[in-house]
Amino acid sequence: YCLSKEIGAQDKIMIIPSVTALCTFLEAVGFHEGKIDVTPLGASGMFLAIVCALFSAHVYLEMRKWFSKRIRLSGGTDMFLHSAVEAILPATFTVVFFYAVQVLICRLFAVSDFWGLLRAFYDALSMTMTDNFRSSALFVFLNTFLWFFGVHGSDALELVDQAVFDPAAKANVAAAILGQAPQHLYTRQFFDCFTLIGGTGNTLS
């Protein structure tokens with residue numbers, strides 16, 4: 001909604017760009033056995049949601065400008081009805097165009113949807129990482145790199161964290177319960193306390 005207003009959308013009913021973005025995100029999530037996969041509706045799907053919002057907002061705006069020059073309603077039409085009618089075709093085109101791009105890319109990479117492609121990337125990244133210094137440095141770098149572009153790095157890398165560093169933390173807990181010394185230094189808790197200090201941590205320090 002805010003992005004659409006910022007880049008110049010002039011719709012009287014600004015919910016239409018928001019609904020269009022939601023439709024593209026649901027397309028990217030995909031349907032499995034007739035149901036929507038709810039996994040990307042959490043923190044792990046934040047990056048995909050941002051990409052869908054950016055993509056749909058810009059495509060919708062360009063199509064809105066193109067169609068507005070070619071569609072004219074009578075002067076006595078209510079302005080909200082006029083805006084809604086003019087927005088239907090751009091919104092429809094945006095959703096269809098996004099679906100076509102998704103089908104093309106997914107056929108190239110042999111996945112079912114964009115979420116499947118993103119999961120495949122996360123899985124490949126996780127397979128190359130362990131809870132050692134090199135992988136931890138890469139994780140922190142990617143986290144900070146994504147933040148540089150305004151993407152919540154920790155949320156975007158949630159799946160990697162769950163696959164690599166969360167098991168290490170659980171292993172430490174299990175060792176502590178048995179009275180043994182923890183064996184894993186690099187865990188998500190280590191990053192939160194000593195590396196990825198956020199706004200609250202900076203304020204307290």
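Start by colouring this predicted model by pLDDT: the protein averages 78, and 79% of the residues score at least 70. Next, select residues 2-6, helix α1, where confidence is lowest at a mean of 59. Then jump to residues 158-177: that's helix α8, where confidence is highest, at 87.

Now for the middle of the chain. Select residues 114-127, which make up helix α5. Put a distance between its end C-alpha atoms and you'll get 20 Å, in agreement with the 20 Å that 14 residues should span at 1.5 Å a residue. Which residues of α5 are buried? Pick out Phe-114, Trp-115, Leu-118, Tyr-122, Leu-125 and Ser-126. They sit on the same side of α5, because they cover an arc of only 110 degrees around the axis. That fits the general pattern: an α-helix has 3.6 residues a turn, so residues three or four places apart point the same way.

Keep α5 on screen and add α3 (46-68) and α4 (79-109); each of these three helices supplies at least two residues of the lining of the largest pocket. The space in there is about 230 Å³. To see the walls, show Phe-47, Leu-48, Val-51, Cys-52, Phe-55, Phe-98, Val-101, Phe-114, Leu-117, Leu-118 and Phe-121. Which helix gives the largest share? It's α3, with five residues.

Last stop: the cysteines. Select Cys-23, which is partly exposed at 32% relative accessibility, then Cys-193, which is exposed, with a relative accessible area of 53%. Don't go hunting for disulfides, though: with a cut-off of 2.5 Å between cysteine sulfur atoms, the count is zero.

Definitions and conventions: Residues numbered from 1 in each chain as written. Predicted model: local features only at pLDDT ≥ 70, side-chain atom pairs only at ≥ 80, totals over all residues. Heavy atoms only, no water. pLDDT = per-residue confidence, 0-100. Helix = DSSP H or I, 4+ residues; strand = E, 2+ residues; numbered from the N terminus. Buried < 20%, exposed > 50% of the residue type's maximum accessible area, 1.4 Å probe, protein only. Expected span 1.5 Å × (residues − 1). Arc of directions from axis to C-beta. 1 Å grid on protein atoms, 1.4 Å probe; cavity = no way out; pocket = protein on both sides within 12 Å on 5 of 7 lines; lining within 4 Å. Points joined across faces, edges and corners; volume = space filled by probe spheres on them.
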